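Subject: Structure handover

Hello,

Here is the structure I promised to pass on to you. My notes on what turned up in it follow below.

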Amino acid sequence: MFSMAVSAMRKHRFVAAAAVAAALLVPGAGAVAAAAPAAQASVSHSTVISTVISGYGGSRAGNEALNWAERHATGCWYSYGGTSCSPGYDCSGLVMEAFGHGAGIWLPRTTYGMLGSPRLHWIPLSQARRGDLMFYGSGHVEINTIWYHTTFGAHDWGQRVGWITWGPWWQPTAAYRVW
């Protein structure tokens with residue numbers, strides 16, 4: 001009984017924190033929240049979260065693709081040519097599946113095909129946001145996260161799909177936004 005009460009308090013705090021973050025990130029949201037406190041109960045948890053996520057920049061498609069990848073592919077093994085968790089993913093297979101299932105945008109299967117896709121729009125590396133594609137040379141692709149110099153992807157043989165921090169010899173050379 002006590003643990004249920006603690007869980008309910010934590011959920012309430014999280015929803016309240018997300019609402020405050022949304023109010024700070026979305027112009028005019030604070031005025032709406034202050035003017036109608038009774039209406040706050042009708043705002044769904046997913047609405048608040050999607051508002052906060054879209055505040056990270058990038059494209060909605062990229063945010064949805066990263067959400068899908070983090071939920072469905074984290075911990076799967078790397079497998080060259082793979083496009084699902086059971087045999088494993090390779091870098092472009094993971095990106096293709098994430099954008100297809102998460103955002104409904106089916107990108108080409110290979111990194112070279114992706115680079116030629118009209119759905120990808122080049123952006124400077126300094127403007128890369130959550131959900132943008134980060135290319136390492138022309139042969140490897142991962143999805144940018146909100147953490148400093150960290151991407152999510154299928155990295156290499158013998159590794160699991162997940163997050164990786166850039167290093168002095170491992171950093172993206174180009175960034176693209178998908179829409």
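One term before the rest: a residue is called buried when its relative accessible area is under 20%, exposed when that area is over 50%, and partly exposed in between, using a 1.4 Å probe and protein chains only. You are looking at a predicted model, in which local features need a pLDDT of at least 70 and side-chain atom pairs count only at pLDDT 80 or more, while totals for chains, interfaces and linings use all residues. Residues are numbered from 1 along each chain as its sequence is written, and side-chain values use heavy atoms, with hydrogens and water left out.

Confidence and overall layout

The average pLDDT (the predictor's confidence in each residue, from 0 to 100) is 79 for the protein, and 69% of the residues score at least 70. Please treat the start of the chain with care: pLDDT is below 50 over residues 1-53, a stretch that has 23 contacts in the model beyond near neighbours in sequence. Contact here means heavy atoms within 4.5 Å.

The protein has 6 helices and 8 strands. These are DSSP runs numbered from the N terminus, with helices being H or I of at least four residues and strands being E of at least two. Along the sequence they come in the order α-α-α-α-β-β-α-α-β-β-β-β-β-β. Of the 179 residues, 38% count as buried. If you take the contacts between residues at least 6 apart in sequence, 55% of them join residues at least 24 apart.

Aromatic pairs

The structure contains 5 aromatic pairs. Rings of Phe, Tyr and Trp (for Trp, its six-membered ring) pair if their centres lie within 6.5 Å, and the planes count as stacked when under 30 degrees apart, edge-to-face when over 60 and tilted for the rest.

One of the pairs is Y136 with W170, which is stacked at 4.4 Å centre to centre with 10° between the planes. This pair links distant parts of the chain, 34 residues apart: Y136 belongs to strand β4 (residues 133-136), and W170 to the loop between β7 (162-165) and β8 (174-178). Y136 is buried because its relative accessibility is 7%, whereas W170, with a relative accessible area of 33%, is partly exposed.

Another pair is edge-to-face: F152 and W163, at 5.1 Å centre to centre and 70° between the planes. F152 lies in strand β6 (residues 150-153) and W163 in strand β7, so the pair ties together parts that are 11 residues apart in sequence. F152 is buried, at 0% relative accessibility, while W163 is partly exposed at 39%. W147 joins F152 and W163 in one aromatic cluster.

Around β7 and the loop before β6

I164 lies in strand β7 and is partly exposed, with a relative accessible area of 24%. Its C-alpha atom is 5.5 Å from that of T150, 14 residues away along the chain. Leaving aside neighbours within four places in sequence, I164 touches E142, H149, T150, T151, H155 and W170.

One of those partners, H149, sits in the loop between β5 and β6. What is its backbone like? H149 has a positive phi of about 55° although it is not a glycine. At 30% relative accessibility, H149 is partly exposed.

The second largest pocket

This pocket has a volume of about 210 Å³. For the method: on a 1 Å grid over the protein atoms alone, a pocket is an open set of points where a 1.4 Å probe fits, with protein on both sides within 12 Å along at least five of seven lines, and lining residues have an atom within 4 Å of a point. Grid points are joined across faces, edges and corners, and the volume is the space filled by probe spheres set on the points.

The lining is made up of Y78, Y80, G81, D90, C91, S92, R109, T110, T111, Y112, G139 and H140. Helices α5 (91-103) and α6 (111-115) each supply at least two of these residues. By class there are 4 nonpolar, 6 polar and 2 charged residues, where Ala, Val, Leu, Ile, Met, Phe, Trp, Tyr, Cys and Pro count as nonpolar, Asp, Glu, Lys and Arg as charged, and the others, Gly among them, as polar.

P108 is found in the loop between α5 and α6 and is partly exposed at 29% relative accessibility. The C-alpha atoms of P108 and S92 are 8.5 Å apart.

Best wishes
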